[in-house]
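Colleague: Could you pick one part of this chain and walk me through it slowly, as you would for someone in their first year? I'd love to see how that part connects to what lies around it.

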Amino acid sequence: MKYKFLLLTAFFAFLATSCSNDSEDDLIVQAENENDTNDQNDGTADLVNYVDDIRPILQSSCVACHGNPPTNGAPFSLVNFSQASNRANQILSAMSRSNGSPGAMPPSGRLPQSTIALVEQWIADGMPEN
């Protein structure tokens, strides 16, 4: 009985000492460094931009038809920043429509709400290119 008690005590002592977190200070420093980076950028790091955020959406969901030249009855191209920014509100309107509604895009089905929200944020941020 004493052997089991000693073994169990040793196990719990090992478990208690092995579950310590020595890296908590590192995590706090990293969070402080991230805040410093955002302060240096004056909040521009959070802006949605065409190159990083919108172009990949258009490339994967729109350019098959809205290429240069447009195909499959698409009325305009969406292959560069100028074309996308000139049609931003039309893009958002078409993406926001329910499947089966006239003019709903893309024809394969409505994009996730998070993608639509990203386009909304890009427009709200003033449609920056970079």
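Modeller: Happy to! Let's start at His 66, which sits in the loop between helix 3 and helix 4. Please keep in mind throughout that this is a predicted model. Is His 66 buried or exposed? Its relative accessibility is 10%, so His 66 counts as buried, since buried means under 20% relative accessible area.

What does the side chain of His 66 reach? It comes to the backbone oxygen of Phe 76, at 2.7 Å. If we leave aside the neighbours within four places in sequence, the residues in contact with His 66 are Ala 74, Pro 75, Phe 76, Ser 77, Leu 78, Val 79 and Met 105. Try selecting those residues in your viewer, and then look at what surrounds His 66.

One name on that list, Met 105, leads us to another part of the chain. Met 105 is joined to Pro 106 by a cis peptide bond, with omega about -5°. Pro 106 belongs to the loop between helix 5 (88-96) and helix 6 (113-124).

Now let's return to the loop that holds His 66. There you can find a second example of a cis bond: the peptide bond from Asn 68 to Pro 69, where omega is near 5°. Pro 69 is located in the loop between helix 3 (50-61) and helix 4 (81-86). A little further along comes Asn 72, which is also placed in the loop between helix 3 and helix 4. What is the phi of Asn 72? It is near 55°, a positive value in a residue other than glycine. Asn 72 has 69% relative accessibility and therefore counts as exposed, because the exposed class begins over 50%. So one loop gives you His 66, which is buried, and Asn 72, which is exposed.

Next, step back and look at the whole chain. How many helices and strands does the chain have? There are six helices and zero strands. Read from the N terminus on, the order of elements is α-α-α-α-α-α. The chain has 130 residues, and 23% of them count as buried. Take the contacts between residues at least 6 apart in sequence: 50% of these join residues at least 24 apart.

With that picture in mind, follow helix 3, the helix on one side of our loop. Its axis and the axis of helix 6 come within 10 Å and cross at roughly 135°. Helix 3 and helix 6 are therefore oblique to each other, and the crossing is left-handed. On the helix 3 side, the contact is made by Tyr 50, Asp 53, Ile 54 and Ile 57, while helix 6 brings Thr 115, Leu 118, Val 119 and Trp 122. Sorted by class, this contact has six nonpolar residues, one polar and one charged.

Helix 6 also meets helix 5, and here the axes come within 10 Å and cross at roughly 160°. That makes helix 5 roughly antiparallel to helix 6, because angles over 145 degrees fall in that class. Helix 5 passes helix 6 in a left-handed crossing. Ala 88, Asn 89, Leu 92, Met 95 and Ser 96 in helix 5 meet Ile 116, Val 119, Glu 120, Trp 122 and Ile 123 in helix 6. By class, the contact of helix 5 with helix 6 has seven nonpolar, two polar and one charged residues.

Let's finish around the end of helix 6. Ala 124 lies in helix 6, and its relative accessible area of 63% makes Ala 124 exposed. The C-alpha atoms of Ala 124 and Leu 47 are separated by 9.4 Å, although these residues are 77 apart along the chain. In the segment after helix 6 you will find Met 127, whose phi is near 55°, positive in a residue other than glycine. Met 127 is partly exposed, with a relative accessible area of 25%.

One last pair brings us back to helix 3, where Asp 52 is placed. Asp 52 is exposed, with a relative accessible area of 56%. Its C-alpha atom and that of Glu 129 are separated by 8.7 Å, with their places 77 residues apart along the chain as the sequence distance.

How values were computed: Residues numbered from 1 in each chain as written. Predicted model: local features only at pLDDT ≥ 70, side-chain atom pairs only at ≥ 80, totals over all residues. Heavy atoms only, no water. Helix = DSSP H or I, 4+ residues; strand = E, 2+ residues; numbered from the N terminus. Buried < 20%, exposed > 50% of the residue type's maximum accessible area, 1.4 Å probe, protein only. Axes fitted to C-alpha atoms, helices over the stretch in contact; angles between N-to-C directions. Parallel < 35°, antiparallel > 145°, perpendicular 65-115°, else oblique. Left-handed = near helix turned anticlockwise from the far one by under 90°. Contact = heavy atoms within 4.5 Å. Nonpolar A, V, L, I, M, F, W, Y, C, P; charged D, E, K, R; others polar. Polar contact = N/O pair within 3.5 Å; in protein donor to acceptor, adjacent residues only side chain to side chain.
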